[in-house]
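Welcome, and please open the model in your viewer. This tour goes from stop to stop, telling you what to select and what is there.

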Amino acid sequence: MENPAESFFGGMLIEIFIACILYGITTLQSFIYFQKYQNDAPSLKFMVATIWILETAHTAFCMQVVYAYLVNNFGQFEYFLTINWGVGVTVITEVVISTLVQAFYVRRVWIMSNKAKLLTAFIGFITVCRIGFGIGSTILSYHFPNWLSFRAHKSSLVTVSGGLGAAALVDVLVALTLSFYLTRGRTGWQKSSNSRINLIMLYAVNSGAITASASVLSVILYATQTDSLVFLGLVEIQGKLYANSFLGSLNARSHIRNKTNPAQYPSFEFSNNSAFRAVAPPVPKVEVFQQTVVTNDMGEPENTFGMKNLKGGELV
C-alpha cells in the first residue's frame, strides 16, 4: 500500500527544508547589512529589521504546519484533507514580505524613471491587486474546511492564480523598467562605468526572473498537482526569495563600488532629481619639493640650495 503522506506532503516537506536554509541566508545577510551599512537611513534599517522579523515568524509557522500534519496527527491520513490554521498565516505573512520588497523596487522605478507617475502608478496598482488576491486566499483557507472544497471552488483558483500572476507581472515590469532606464542613462560614459551598470542590470533581471518563475511554477503546480501540497511549499520558498533579493541588493552596493578602482573611476548614486548621477572619486593631492645640487667635475657637491615647496599639483 502506498503511503499517502509521501505523495501528499513529501514535496512540501522538502520545500520547507529549502525555505529554512534560505531563512538562514536571510539572517546572515541581515547581520552583514547592519555591520556594513550603519550610516543608512533609519527607515531603511527599520525595513530590514521588519523583513527579518516577518521571515522569522514565517519560518516558525511553516514548521508549525509541518509539525501539525506529520507529528500531531501522525498516522491520521484523513487529516491531510484538512486545511491547518497555520497555512493561512504563512500565506498572509508571505504576502506582506513580498509586498514590502516590491514596494521598495517600485520606489526605485519612481527614482530611475525621473518620477514617471503613470508607469509607477501602474506597477503600484498591480502590487495592490497582489495584496487583495493574497488576502482573499487567506480568507478562503479559513472559510473552506478542507482542501477538496478549497480546490473545487473557482474563487480559490482566481485568488491563487491572480495573486501569483500579479506578483510575477510586477517582478517582470520592475526588471524591464530598471534595465531600460539604466541602458538609456549610460550613453557616453566610460567602459568601466558601463560595466558597473551592467552588473546592476544583471542583478535586477536575475532577481525578477527567479521570483517571477517561482510564481508561474506555483500556479502550474496548483493546477496540475491536485493531490499534493507541493504548490504551497513553493509559495513559502517564494517569500524567502523576495527577502534575500532585497537584502542582496543592499549588500551588493559595496561590491559594485569596489568592482573597479575607486581612485580611477566614478561611482554612482541615486538622487531625487534624476535617475542617477556620476560621483567623481576623491583626487589625491601631492606636494612637490625642488632641490638644486651643484657638483664639480669630480662629481662632488659644491653648493646645495634650500628645498622649495612648490605645492602645486593635483594628480588627475
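A residue is called buried here at under 20% relative accessible area, exposed at over 50%, and partly exposed in between, using a 1.4 Å probe and protein chains only. By that scale T26 is buried, with a relative accessible area of 0%. Before we go further, note that this is a predicted model, in which local features need pLDDT of at least 70 and side-chain atom pairs count only at pLDDT 80 or more, while totals for chains, interfaces and linings use all residues. Residues are numbered from 1 along each chain as its sequence is written, and side-chain values use heavy atoms, with hydrogens and water left out.

**The whole chain**

Start with a cartoon view. The secondary structure comes to eight helices and six strands; helices (H or I, at least four residues) and strands (E, at least two) are DSSP runs, numbered from the N terminus. Following the sequence, you will read the pattern α-α-α-α-α-α-α-α-β-β-β-β-β-β. The chain has 316 residues, and 43% of them count as buried. For contacts, meaning heavy atoms within 4.5 Å, take those with a separation of 6 or more: residues 24 or more positions apart account for 71% of them.

**Stop 1: T26**

Now select T26, which sits in helix α1 (residues 4-36). Which residues does T26 touch, not counting those up to four places away in sequence? Show W52, E55, K240, A243, N244 and L247 to see them.

**Stop 2: α2 against α3**

Next, colour helix α2 (residues 42-72) and helix α3 (residues 85-112); they pack at an angle of about 155°, with their axes 9 Å apart. Axes here are lines fitted to C-alpha atoms, for helices over the stretch in contact, and angles run from 0 to 180 degrees between N-to-C directions. The two helices, α2 and α3, are therefore roughly antiparallel to each other. Angles under 35 degrees count as roughly parallel, over 145 as roughly antiparallel, 65 to 115 as roughly perpendicular and the rest as oblique.

To see the contact itself, select L44, M47, T50, I51, L54, E55, H58, F61, C62, Q64 and V65 in α2, then W85, G86, V87, V89, T90, T93, E94, V96, I97, L100, V101 and F104 in α3. These residues of the contact of α2 with α3 divide into 15 nonpolar, six polar and two charged. In this grouping Ala, Val, Leu, Ile, Met, Phe, Trp, Tyr, Cys and Pro count as nonpolar, Asp, Glu, Lys and Arg as charged, and the others, Gly among them, as polar.

**Stop 3: C62 and the cysteines**

Stay with C62 from the α2 side of that contact. How many disulfides does a search of the whole structure find? The search finds zero, a disulfide being a pair of cysteine sulfur atoms within 2.5 Å. For C62, the nearest cysteine sulfur is that of C20, 7.1 Å away. Is C62 buried or exposed? At 3% relative accessibility, C62 counts as buried. C129, by comparison, is partly exposed, with a relative accessible area of 27%.

**Stop 4: α3 against α8**

Keep α3 and add helix α8 (residues 230-257). The axes of α3 and α8 come within 9 Å and cross at roughly 30°, which makes α3 roughly parallel to α8. Select V87, T90, V91, E94, I97, S98, V101, Q102, F104, Y105 and R108 of α3, together with L232, V235, E236, Q238, G239, Y242, A243, S245, F246, S249 and L250 of α8, to display the contact. The residues of the contact of α3 with α8 divide into 12 nonpolar, seven polar and three charged.

Zoom in on S249, which lies in α8. S249 is buried, with a relative accessible area of 6%. Leaving aside neighbours within four places in sequence, S249 is in contact with F104, Y105, R108 and Y203.

**Stop 5: I111 and the loop beyond**

Move along α3 to I111. I111 is buried, with a relative accessible area of 13%. Draw a C-alpha to C-alpha distance to L178: the two residues are 67 apart in sequence and 9.9 Å apart in space.

Finish in the loop between α3 and α4 (117-143), where you will find N114. Phi of N114 is near 60°, a positive value in a residue other than glycine. K115 is placed in the loop between α3 and α4 too, and has a positive phi of about 60° although it is not a glycine. N114 is partly exposed, with a relative accessible area of 48%, and K115 is partly exposed at 40%.
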